[in-house]
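Please walk me through this structure step by step, in plain language. I would like to see how its parts fit together.

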Amino acid sequence: MYSTYEQYRNAGGELAVDQYEAWAERAASLIDCRTLHRAATAPAAMRPALGLAECELIDILRRGKKAESGLASENIDGYSYTVKSDAEAERGRTIHEVLRRYLFRPDLGVNLLCRGLDA
């Protein structure tokens with residue numbers, strides 16, 4: 001895990017310790033997957049950013065677990081039109097935005113999201 005329970009609470013987290021640990025493991029696993037496991041060996045200057053990313057991901061992952069894709073229907077003069085909202089795609093975009101905000105740090109010379117071989 002990249003964050004502490006204290007850091008999570010200071011960021012506005014409301015989970016109990018045991019729930020935090022379970023969700024933090026999931027968030028850390030997502031960070032490891034998206035960074036090709038380079039986050040664990042990131043420079044020490046990246047530790048605060050990794051912790052903040054994990055804290056935000058905990059809440060995003062929890063919301064995604066609760067969210068359901070909704071349907072929006074409309075019937076005009078006998079023509080029916082139904083659109084299914086894509087909550088999963090929106091969650092993916094939100095996750096990407098959080099990871100980019102915290103793990104791409106040109107000021108530190110670090111881009112943990114780089115897929116290149118030299119990273």
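Arg105 is a good place to start: with a relative accessible area of 23%, Arg105 counts as partly exposed, because the buried class ends at 20%. The partner of Arg105 is Asp107, and the two form a salt bridge in which the closest N and O atoms are 2.7 Å apart. Asp107 has a relative accessibility of 56%, so this residue is classed as exposed. Keep in mind as you look around that this is a predicted model.

Why might such residues pair up at all? Side chains of opposite charge can pair when their charged atoms come close. How many salt bridges does a search of the whole structure find? The search finds four, and the Arg105–Asp107 pair is one of these salt bridges.

Let us move to another pair, found in a helix. In helix α4, which covers residues 87–103, Glu90 and Arg93 sit three residues apart, or about one turn of the helix. Their side chains meet in a salt bridge, with a distance of 2.8 Å from N to O. Glu90 has a relative accessible area of 42% and is partly exposed. Arg93 is partly exposed too, at 46% relative accessibility.

Helix α3 (residues 47–66) offers a further example. Here Arg62 and Asp59 are about one helical turn from each other, because they are three residues apart in the helix. The side chains of Arg62 and Asp59 also meet in a salt bridge, at 3.7 Å from N to O. At 21% relative accessibility, Arg62 is partly exposed, and Asp59 belongs to the partly exposed class as well, at 26%.

Now turn to the loop between α2 and α3. Arg38 has its place there, and so does Thr35. Is Arg38 buried or exposed? With a relative accessible area of 15%, Arg38 is buried, because that value falls under 20%. The side chain of Arg38 reaches the backbone oxygen of Cys114 at 2.4 Å. Along the sequence Arg38 and Cys114 are 76 residues apart, while in space their C-alpha atoms are 9.9 Å apart.

Thr35, in that loop, is buried with a relative accessibility of 0%. Which residues does Thr35 touch, leaving aside those up to four places away in sequence? They are Leu103, Leu112 and Leu113.

With these details in mind, step back to the whole chain. Its secondary structure comes to four helices and four strands, and reading along the sequence gives the pattern α-α-α-β-β-α-β-β. Of the 119 residues in the chain, 30% are buried. Among contacts with a separation of 6 or more, 67% involve residues 24 or more positions apart. The accessible surface of the chain is about 7,800 Å², and carbon and sulfur atoms account for 51% of it.

Finally, how confident is the prediction? The chain has a mean pLDDT of 86, with 85% of its residues reaching 70 or more. Where in the chain is confidence lowest, and where is it highest? The lowest mean, 66, belongs to strand β1 (residues 71–76), and the highest, 96, to helix α2 (residues 17–34). As a reading habit, where pLDDT is low, the predicted coordinates should not be read in detail.

Definitions and conventions:
Residues are numbered from 1 along each chain as its sequence is written. This is a predicted model: local features need pLDDT of at least 70, side-chain atom pairs count only at pLDDT 80 or more; totals for chains, interfaces and linings use all residues. Side-chain values use heavy atoms; hydrogens and water are left out. Helices (H or I, at least four residues) and strands (E, at least two) are DSSP runs, numbered from the N terminus. Buried means under 20% relative accessible area, exposed over 50%, partly exposed in between (1.4 Å probe, protein chains only). pLDDT is the predictor's confidence in each residue, from 0 to 100. A polar contact is a pair of N or O atoms within 3.5 Å; within protein, one must be able to donate a hydrogen and the other to accept it, and residues adjacent in sequence count only if both atoms are side-chain atoms. Contact means heavy atoms within 4.5 Å. Accessible areas come from the Shrake-Rupley method with a 1.4 Å probe; for residues, only the protein chains shown count as cover.
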